[in-house]
Amino acid sequence: MVLYKLQEFDPDYSNTFEGKDIKGFAVYTEGTDEKIGNVNDVLVDDEGHFRYLVVDLGFWIFGKKVLLPIGRTRIEYNTDRVYAIALTREQAENLPEYNERLTTDYDYEERVRGVYRNPEYRTAPVESSVPVESSIPVESSPGVATTTTSTYNRDTYNYEHEPDLFNLNEQNHQTLRLYEERLIANKQRRKMGEVTVGKHVETDTARVSIPVEREHVIIERVTPDDAGRTVSSSEANFREGEVTRMEIYEETPEVRKEAFVREEVRVKKVVDRDNVESQETVRREELDVNSPNLPIQER
């Protein structure tokens with residue numbers, strides 16, 4: 001696996017990282033806050049992933065540079081500091097020296113990785129998923145106890161096999177949640193009122209016209225045409241007390257009341273449906289990434 005200096009990997013790299021140039025960041029031990037050195041450079045793989053920070057220990061050991069795996073760092077951009085996880089100043093002194101004039105090959109990396117695999121340099125045990133095909137001796141560095149053999153194979157080694165060394169730790173590799181508001185439509189049933197339907201009795205004066213008949217007697221006295229004619233004694237019958245009777249009738253109105261069904265009133269309710277529109281202002285968080293001229297891959 002070939003490693004590149006950041007400047008070599010990206011010729012347009014303008015020495016900025018999160019708005020600042022990571023080169024020159026001070027490196028401190030975590031916990032004791034003791035200064036180890038300064039970031040001299042960054043080594044990336046052929047996909048642009050950060051693999052090592054080149055730390056210059058020159059302020060107290062002239063000219064010596066060592067490699068610090070990115071997974072063993074905690075970067076604070078607001079203070080321009082890098083904290084080395086589980087690394088003391090004395091341990092940093094005994095790391096294999098990095099020579100930028102020489103090729104950083106697999107054997108050299110194994111020397112470096114072999115030191116960091118030592119329990120004294122590790123924060124937690126990490127199980128490897130790499131099949132053991134051969135063993136490569138690891139050279140010891142002065143003053144540092146190292147493992148005797150490596151269980152990693154030159155042909156199959158992958159940085160992902162050692163996340164403890166090469167994955168950004170949780171403090172620098174966090175999940176940022178973006179929130180968004182949305183409107184939730186719901187309905188609430190409430191009583192608007194009630195309708196009471198009943199009946200009452202109203203009185204009124206009704207008038208009806210009834211035609212009636214009333215009989216009366218008309219006595220009409222007329223002179224016959226043969227008035228003055230002499231009649232015989234047999235024809236002239238004088239009888240005293242003779243009367244004629246005639247019954248006279250009249251009609252009188254008779255009014256009575258009867259009840260009848262005038263109409264029926266049916267009471268029921270129906271549901272009217274309508275759409276009521278409502279609007280509110282909702283907020284949404286968007287991601288801001290500030291990393292000029294650095295390779296960033298979004299997934």
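## A charged pocket lining

Let's start with the lining of the second largest pocket: ten of its residues are charged, seven are nonpolar and five are polar. Keep in mind that this is a predicted model. In total, 22 residues line the second largest pocket, and its volume comes to about 1100 Å³. If you want to find its centre on screen, look for Arg189, Arg190, Met192, Val271 and Asp272, which are the lining residues that lie nearest to it.

## The chain as a whole

Zooming out, the protein chain has four helices and nine strands. Going along the sequence, you meet them in the order β-α-β-β-β-β-β-β-α-α-β-β-α.

The chain runs to 299 residues, and 28% of them are buried. Its accessible surface is about 24300 Å², with carbon and sulfur atoms accounting for 46% of that. As for contacts, take those between residues at least 6 apart in sequence: 64% of these link residues at least 24 apart.

## Strand β2 and its two partners

Strand β2 covers residues 26-29 and is a handy place to look more closely. In a regular strand, side chains take turns between the two faces of the sheet. Here Ala26 and Tyr28 point one way, while Val27 and Thr29 point the other. Are these four residues of β2 buried or exposed? All of them are buried.

Which strands pair with β2? One is β3 (residues 35-44), which runs antiparallel to β2 and pairs with it over three bridges. Within that pairing, Val27 sits opposite Gly37. The β2-β3 hairpin has five residues between its strands, and Gly31 has a positive phi near 100 degrees. The other partner is β7 (residues 81-84), this time parallel, with four bridges to β2. Ala26 has Arg81 of β7 as its bridge partner.

## A small enclosed space

Rolling a water-sized probe over the atoms shows where empty space remains. How many cavities of 30 Å³ or more does the whole structure hold? The search turns up one. The largest cavity has a volume of about 40 Å³.

Val27 of β2 shows up again here, as one of the residues lining the largest cavity. Alongside it are Ile36, Val55, Leu57, Val66, Leu68, Leu87, Ala92, Leu95 and Tyr116. By class, that lining is ten nonpolar residues, with no polar and no charged ones. Set that beside the second largest pocket, where ten charged residues belong to the lining.

Note on methods:
Residues are numbered from 1 along each chain as its sequence is written. This is a predicted model: local features need pLDDT of at least 70, side-chain atom pairs count only at pLDDT 80 or more; totals for chains, interfaces and linings use all residues. Side-chain values use heavy atoms; hydrogens and water are left out. On a 1 Å grid over the protein atoms alone, a cavity is a set of points where a 1.4 Å probe fits but cannot get out, and a pocket is an open set with protein on both sides within 12 Å along at least five of seven lines; lining residues have an atom within 4 Å of a point. Grid points are joined across faces, edges and corners, and a volume is the space filled by probe spheres set on the points. Ala, Val, Leu, Ile, Met, Phe, Trp, Tyr, Cys and Pro count as nonpolar, Asp, Glu, Lys and Arg as charged, and the others, Gly among them, as polar. Helices (H or I, at least four residues) and strands (E, at least two) are DSSP runs, numbered from the N terminus. Buried means under 20% relative accessible area, exposed over 50%, partly exposed in between (1.4 Å probe, protein chains only). Contact means heavy atoms within 4.5 Å. Accessible areas come from the Shrake-Rupley method with a 1.4 Å probe; for residues, only the protein chains shown count as cover. Two strands pair if DSSP finds at least two bridges between them.
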